[in-house]
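Grab a coffee and open your viewer. Below is a set of exercises to try on your own before reading the solutions.

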Amino acid sequence: MIVGGYSLDLYCRFHQASGGKDAGARPHSWNRGIASFAGHNENDCKKQARKARWKFNRGDVVCPDCQKKAAE
């Protein structure tokens, strides 16, 4: 029997705990700006993340909260 899986841990590019790549690092509540997804492969995990409204952009990811703030 072959067993396998994939795990994807995401940290918002604006999350202060992840180093906040931009000068615009924003405070997140303790449970926001970080997420984990599990699936059969990378594409499956990214599909789940996009469904949860995470945005992928050239190696960086932005959480749903920061997307709302950017739209305001």
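What follows is six exercises, each with a worked solution.

A word on the ground rules: residues are numbered from 1 along each chain as its sequence is written. This is a predicted model, with local features needing pLDDT of at least 70, side-chain atom pairs counting only at pLDDT 80 or more, and totals for chains, interfaces and linings using all residues, while side-chain values use heavy atoms, with hydrogens and water left out.

**Exercise 1. Work out the order of helices and strands in the protein.**

Start with the inventory: the protein has two helices and four strands. Here helices (H or I, at least four residues) and strands (E, at least two) are DSSP runs, numbered from the N terminus. Next, walk the chain from the N terminus, and you get β-β-α-β-β-α. Finally, look at the contacts, meaning heavy atoms within 4.5 Å. Take those between residues at least 6 apart in sequence: 47% of them join residues at least 24 apart.

**Exercise 2. Find the largest nonpolar core and say which elements feed it.**

First, the burial scale: buried means under 20% relative accessible area, exposed over 50%, and partly exposed in between (1.4 Å probe, protein chains only). On that scale, 28% of the 72 residues in the protein are buried. A nonpolar core is then a set of buried Ala, Val, Leu, Ile, Met, Phe, Trp, Tyr and Cys residues joined through side-chain atoms within 4.5 Å. The largest one here has 13 residues, and L10, C12, F37, W54 and C66 have the most contacts inside it. At least two residues of this core come from each of strand 1 (6-11), strand 2 (34-39), helix 1 (42-51) and strand 4 (60-62).

**Exercise 3. Compare the settings of V61 and A52: is each buried, partly exposed or exposed?**

Take V61 to begin with; you'll find it in strand 4. Its relative accessibility is 8%, so V61 counts as buried. Leaving out residues up to four places away in sequence, V61 touches L10, Y11, C12, R13, W54, K55 and F56. One of these, C12, is 49 residues away along the chain, yet the C-alpha atoms of V61 and C12 are 5.5 Å apart.

Now A52, which sits in the loop between helix 1 and strand 3 (55-57). A relative accessibility of 34% makes A52 partly exposed. With the same neighbours in sequence left out, A52 touches F37 and P64. For another distance to check, the C-alpha atoms of A52 and A35 lie 9.8 Å apart, with their positions 17 residues apart along the chain.

**Exercise 4. Locate the salt bridges and say where their partners sit.**

The criterion is a side-chain nitrogen of Lys or Arg within 4 Å of a carboxyl oxygen of Asp or Glu. Searching the whole structure turns up two salt bridges. One joins the side chains of D60 and R13 (3.8 Å, N to O). D60 is in strand 4 and R13 in the loop between strand 1 and strand 2, so this pair ties together parts 47 residues apart in sequence. D60 is buried, at 17% relative accessible area.

The other joins the side chains of E42 and K46 (3.4 Å, N to O). Both lie in helix 1, four residues apart, about one turn of the helix. An α-helix has 3.6 residues a turn, so residues three or four places apart point the same way. E42 is partly exposed at 35%, and K46 is partly exposed at 22%.

**Exercise 5. Which ring does K46 lie over?**

Use this test: NZ of Lys or CZ of Arg within 6 Å of the ring centre and within 35 degrees of the ring normal. K46 lies over the face of F56, 5.3 Å from the ring centre.

**Exercise 6. Which residues have a positive phi although they are not glycines?**

Background first: most residues other than glycine have a negative phi. R53 has a positive phi of about 75°, and its place is in the loop between helix 1 and strand 3, just after helix 1. R53 is partly exposed, with a relative accessible area of 46%. R58 has a positive phi of about 50° and is found in the loop between strand 3 and strand 4. With a relative accessible area of 84%, R58 is exposed.
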